[in-house]
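Biologist: I'd like to learn how to read a sheet and a ligand site. Can you walk me through one?

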Amino acid sequence: MEIRKINFQRHGDDRGMLVALEENKEIPFKIKRVYYIYDTKKEVRRGLHAHKSLEQILICVHGSCMITLDNGNEKGTVLLDNPYEGIYVPNNMWREMHDFSEDAVLLVLASDFYREEDYIRDYNIFLKNIEEENS
Ligand code: TYD
């Protein structure tokens, strides 16, 4: 599966760079929550879940990390290593974040508040849900 990166517009001048993200413009949903992951230990894999309805944009604003997405049929992996690129992660998509550089800061923009009920944490249940949707 090809994972397309979104290239955000950069506003650069001789002072440096700026990226601005607005809901329903660069971000294809209303942003209800922002969180970030940092100080991630080497060898760690995070995520390992899907969401029933949550949509997210992932941006590695510092350092680098790998993102693996799995739609139940196909998998793809992409390197996020600059602050002006992001990836869109729709609902019903298994995600794993891994190979974080020591200085990595992964920023996540989310379409909803934190709700444990929205998580699918069991990979077999995730696959079963996808099968049911396709049948
Ligand atoms: P976790 O779901 O394990 O993160 P990841 O998907 O990156 O592996 O979340 C770690 C902890 O943080 C867990 O106790 C739940 C809490 N948390 C919140 O309170 N709010 C949030 O928005 C998120 C994403 C996590």
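Biologist: In what order do the strands of the open sheet come?

Modeller: Generally, strands of a sheet pair through backbone hydrogen bonds, either parallel or antiparallel. Here five strands make an open sheet, ordered β1-β9-β6-β11-β4, with antiparallel pairing. A strand is a DSSP run of E, at least two residues, numbered from the N terminus, and two strands pair if DSSP finds at least two bridges between them. At the edges sit β1 (5-7) and β4 (33-38), each pairing on one side only. This is a predicted model, where local features need pLDDT of at least 70, side-chain atom pairs count only at pLDDT 80 or more, and totals for chains, interfaces and linings use all residues. Residues are numbered from 1 along each chain as its sequence is written, and side-chain values use heavy atoms, leaving out hydrogens and water.

Biologist: How many bridges link β1 and β9?

Modeller: Three, in the antiparallel sense, with β9 covering residues 85-89. Look for Ile6, which stands opposite Gly86 in β9.

Biologist: Now the ligand. Which residues are around it?

Modeller: The idea is to list residues with a heavy atom within 4 Å of the molecule. Among them here are Tyr35, Ile37, His49 and Met97.

Biologist: And which polar contacts does an oxygen atom of the ligand make with Arg33 and Arg46?

Modeller: A polar contact is a pair of N or O atoms within 3.5 Å. A side-chain N or O atom of Arg33 is 2.4 Å from a ligand oxygen, and for the side chain of Arg46 the distance is 3.1 Å. Gly47 uses a backbone N or O atom, 3.0 Å from a ligand oxygen.

How values were computed. Helix = DSSP H or I, 4+ residues; strand = E, 2+ residues; numbered from the N terminus. Polar contact = N/O pair within 3.5 Å; in protein donor to acceptor, adjacent residues only side chain to side chain.
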